[in-house]
Amino acid sequence: MIDQGHLLSLLQAQISGRSLSRPFYTDADIYQAELDVIWYREWMFAASVAELPKAGAYVSLQLGAYPIVVVKGSDGMIRAFHNVCRHRGQRLCAKPSGTAAKLVCPYHQWTYDTNGKLLWARDMGADFDASKYGLKPVHCAETAGMIFICLADNPPDFGLMKQAADRYTARHDLADMKVAHQSRIVEKGNWKLVLENNRECYHCAGAHPALCRTFNDDPDLVGSDDSLSSPVGAAHVNRCEEAGLPSRYVIAPNEQWRLVRIPFVGDAVSYTMDGKAAAPLIPGMPFANAGSLLFFHYPNTWNHFLSDHVLNFRVMPISASETEVTTTWLVHKDAVEGRDYDLTRLTEVWLATNDEDRRVVEENQIGISSPAYEPGPYSMKQESGVAQFIDWYLQSMTRSVTGPRQVAAE
C-alpha cells in the first residue's frame with residue numbers, strides 16, 4: 001500500500017496542461033490506490049443490455065480483485081452479484097458470457113437462482129439457514145441501453161447522467177437492439193493511456209487511415225458549451241435538434257461524463273470504408289446522416305450511437321501496465337446478417353482502429369517506462385480532452401485521498 005502522504009505529494013506535484021509523471025503509469029502501488037479510490041467507488045460500465053436478451057443470460061467480468069456476474073432474472077430484471085460462492089469462495093461463472101437457468105457452483109454444486117437466492121446446498125444439516133447465504137449483491141443501474149455497476153456501499157448519484165443519457169439516446173431504440181459482434185483485446189499499457197488516447201484525435205490522421213475516411217477529426221466540432229465553434233458542427237447539431245434528436249454539448253458538473261452529436265466527413269453516414277450505411281436505419285432515427293452521438297463516462301467507457309448501429313466500448317484495468325478493451329457492435333434486432341448487413345463492413349473500421357490504438361498505447365507505455373521520460377505539454381487545441389481527463393483524474397484521486405475513505409462492499 002502506498003503511503004497516503006506520499007501519494008498526495010505526487011498528486012500535488014503534477015503540472016496542469018502536462019502529462020503525468022512516470023509513476024502514475026508504471027507503479028503498482030499507485031495502480032492499487034486507483035482501484036481503491038476510483039474503480040471500487042465509481043459507476044462502471046459492465047455490459048450492454050442487449051448482451052442479456054433473455055432470462056438466465058449472464059456476463060462475467062473482473063474488476064480489480066472482484067469477480068462480478070451480471071445476470072437477467074426470470075422476472076426480467078438485471079442484477080449484479082459478486083461472482084463468489086457463499087460456501088468456500090469458488091468463482092461461479094468462469095466464462096465471459098453464457099445462459100444458465102440457475103447459477104451452479106462447479107465445486108460443490110451449491111445452486112442459486114438468478115435473483116441470487118441459495119436454492120440448494122447438499123448435506124448442510126438441519127440447522128443450516130439457506131436464506132443467510134444468498135449471493136452478495138452489487139449495485140446495478142441502466143441507462144442508454146448500458147448496464148453500470150458500483151462496488152461502493154453508497155454509490156455516487158446516477159440520476160443526472162441517466163436522465164441525460166436516456167434522453168439523448170432515446171431515438172436509437174436501444175431496447176430493440178441485438179449484439180452483432182464483440183471483440184476483446186488486451187493492450188499492454190496503463191488504463192489511463194487507453195483513455196488519454198481516446199480523448200484526442202491529434203494522432204488520428206497519422207494512425208487511423210480507415211477511421212479518418214468518415215470520422216471528422218476537427219477539434220472544433222466538439223464545443224465547450226451550447227455553442228459549437230465549428231460552423232459545420234453547429235449546423236449539424238441544429239439540424240438534428242430540429243428533428244427531435246438531442247445533440248448539444250452537455251457535460252456533468254464534475255466533467256465525468258459528456259454527450260454531444262457530431263457529423264461525419266462529407267456525405268458519410270456510418271463508420272464504413274465507403275461511408276455508406278453498414279446496417280438498416282434504426283427505426284427511431286429520423287434520417288441516416290445524423291452523425292455520431294458521442295458519450296463518455298470516466299473511467300471506463302466511450303460510445304458511439306449512429307443511425308444504423310451502436311458501438312459500446314468497455315475499458316477494464318488488469319494491472320499497472322495491462323488493460324482490456326471490449327467493443328460491442330449493436331444493430332436493430334430485426335436485421336439479419338448476410339441479408340441486411342455484412343459483418344465485415346460493419347466491423348472492419350473499428351477492428352482496424354482498435355488494433356492501431358493498441359499499438360499506439362503499447363509504444364506509449366514503453367516510452368513512458370524509460371527513465372528518460374518526463375511529462376510533456378499538451379496541445380490545448382488538439383488535446384484539451386486529454387487535459388480535461390487528467391484534471392478529472394487528479395481531482396478524483398486528491399479528493400479521495402484527502403476526504404473520508406469509503407470501503408468497497410465485500
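**Entry 1: α5 and α8**

I began with how α5 and α8 sit relative to each other: they are oblique. I worked from a predicted model throughout. Helix α5 covers residues 191-198 and helix α8 residues 343-368; I noted an angle of about 125 degrees between them and axes 10 Å apart. That angle is not over 145, and it lies outside 65 to 115, so oblique is the class that applies. I then looked up the handedness, and α5 passes α8 in a right-handed crossing.

Next I listed the residues in the contact. From α5 I found L193, V194 and N197; from α8 they meet D357, V360, V361, N364, Q365 and I368. Sorted by class, this contact of α5 with α8 has five nonpolar, three polar and one charged residues.

**Entry 2: α8 and the seven-stranded sheet**

I also followed α8 to the strands. Helix α8 lies across β11, β15, β16 and β17 (322-332), and runs at about 20 degrees to β11.

I wrote down the strand order of the open sheet of seven strands as β11-β17-β16-β15-β14-β13-β12, with antiparallel pairing. Which strands stand at the edges? They are β11 (177-187) and β12 (250-251); each has a single partner strand, so one side of each is left without a neighbour in the sheet.

Within this sheet I checked one pair in detail. Strand β15 (residues 301-305) and strand β16 (residues 310-319) run antiparallel and are joined by five bridges. I noted that F305 has V310 in β16 as its bridge partner.

**Entry 3: strand β10 and its partners**

I turned to strand β10 (residues 146-150) and asked how many of its residues are buried. Five of the five are, so β10 is largely enclosed by the rest of the structure. I then separated the two faces, and both are covered: M146, F148 and C150 are buried on one side, I147 and I149 on the other.

For the pairing, I found that strand β1 (residues 44-48) and β10 are antiparallel, over four bridges. In this pair M44 stands opposite I149 of β10. Strand β9 (residues 137-143) also runs antiparallel to β10, with five bridges between them. Here I recorded H139 with C150 in β10 as its bridge partner.

I looked at the turn of the β9 and β10 hairpin as well. Two residues lie between the strands, and A144 takes a positive phi near 55 degrees.

**Entry 4: α1 and α9**

I looked up a second helix pair, helix α1 (residues 4-12) with helix α9 (residues 384-402), which pack at an angle of about 150 degrees with their axes 10 Å apart. That makes α1 roughly antiparallel to α9, because the angle is over 145 degrees. I recorded the crossing of α1 past α9 as left-handed.

On the α1 side I listed Q4, L7, L8 and L11, which meet L394, M397, T398, V401 and T402 in α9. By class I have six nonpolar, three polar and no charged residues in the contact of α1 with α9.

**Entry 5: T398**

I picked out T398, which lies in helix α9. Is T398 buried, partly exposed or exposed? Its relative accessibility is 23%, so T398 counts as partly exposed. Leaving aside residues up to four places away in sequence, I found that T398 touches L8 and L11. I also noted the separation of T398 and V37: their C-alpha atoms are 9.5 Å apart, while the two residues are 361 residues apart along the chain.

Note on methods: Residues are numbered from 1 along each chain as its sequence is written. This is a predicted model: local features need pLDDT of at least 70, side-chain atom pairs count only at pLDDT 80 or more; totals for chains, interfaces and linings use all residues. Side-chain values use heavy atoms; hydrogens and water are left out. Axes are lines fitted to C-alpha atoms, for helices over the stretch in contact, and angles run from 0 to 180 degrees between N-to-C directions. Angles under 35 degrees count as roughly parallel, over 145 as roughly antiparallel, 65 to 115 as roughly perpendicular and the rest as oblique. A crossing is left-handed if the near helix is turned anticlockwise from the far one by less than a right angle, and right-handed if clockwise. Contact means heavy atoms within 4.5 Å. Ala, Val, Leu, Ile, Met, Phe, Trp, Tyr, Cys and Pro count as nonpolar, Asp, Glu, Lys and Arg as charged, and the others, Gly among them, as polar. Two strands pair if DSSP finds at least two bridges between them. Buried means under 20% relative accessible area, exposed over 50%, partly exposed in between (1.4 Å probe, protein chains only).
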